[in-house]
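Hi,

Here is the structure I promised to pass on. My notes on its pockets follow below.

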Amino acid sequence: MTRLNGKTALVTGSTSGIGLGIALSLANAGASLILNGFGDASAVIAQVQALGGKVGHHPADVSDPAQIAEMLAYAEREFGGVDILVNNAGIQHVAAVEDFPVERWDSIIAINLSSVFHSTRLSLPGMKTRGWGRIINIASVHGQVGSVGKAAYVAAKHGVIGLTKVVGLETATSNVTCNAICPGWVLTPLVQKQIDDRVAGGVDPQQAQQDLLAEKQPSLEFVTPSQLGELVLFLCSEAGSQVRGAAWNIDGGWLAQ
């Protein structure tokens, strides 16, 4: 098992869903953990503390570069810097391009794409100075294919993969790596809303879930947050040290079609 004792991980958007699953995997591997997200994080903090590791929480709104800078300053002050950065925070809105609210576009680009740039640029100098680092961006299959109604999300996730490639190249001769993970359907609140919308239209809940999977994901099973966490651990391991600038699909066969 990958051991990350002595390393500090920052996972954005980690008080629920994918981010929480990844955070718990990192904590289980011995990493100190900085959680990020809105709301009361006390239950999640207690969960991590039960694993025996050091944990903190910073409520930065990652749509605001100044708050991202404050979060990284907190990490430096309280934890000695960030060794593993997982850019996970994301939001979604579905509408046709001509109907897409401009403020929603701006928010999705800020949170899903620009925050990745800002947290990366602020974390890289310390990683290079310490001689080791892992930057893992949670992109999406929508970073490689489109879906109707998701213009901002698809554009942002394509951008994340492009940024990942550039950072992967710029760090290629160092002990810092940068990669993207591209999940298919994961049963997060964002996906549950799409199921609920189908149920509201009169579809049975189990059928709504299966219909959603059948449209895109040949395995007919959701990817789980713990599976994503295990992939993050692999990318943090020595075995993953020559995976650089990759966009790693974990999508039940979605992109194999």
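For the residue classes, Ala, Val, Leu, Ile, Met, Phe, Trp, Tyr, Cys and Pro count as nonpolar, Asp, Glu, Lys and Arg as charged, and the others, Gly among them, as polar. This is a predicted model, where local features need pLDDT of at least 70 and side-chain atom pairs count only at pLDDT 80 or more, while totals for chains, interfaces and linings use all residues. Residues are numbered from 1 along each chain as its sequence is written, and side-chain values use heavy atoms, with hydrogens and water left out.

The largest pocket holds about 770 Å³ of space (a pocket is an open set of points on a 1 Å grid over the protein atoms alone, where a 1.4 Å probe fits, with protein on both sides within 12 Å along at least five of seven lines; lining residues have an atom within 4 Å of a point; the volume is the space filled by probe spheres set on the points, which are joined across faces, edges and corners). It is lined by 37 residues, and Asn88, Ala89, Gly90, Ile91 and Leu190 are the closest to its centre. By class, the lining has 18 nonpolar, 16 polar and three charged residues. Helix α6 (a DSSP run of H or I, at least four residues, numbered from the N terminus) gives the most, with four residues.

The second largest pocket has about 200 Å³. Its lining is Gln92, His93, Val94, Lys150, Leu190, Lys193, Gln194 and Asp197, or two nonpolar, three polar and three charged residues. Domain 1 (8-186 + 223-250) and domain 2 (187-222) both contribute to this lining, so the second largest pocket lies between them; the bounds come from an automatic or database domain assignment.

Cheers

Definitions and conventions:
Helices (H or I, at least four residues) and strands (E, at least two) are DSSP runs, numbered from the N terminus.
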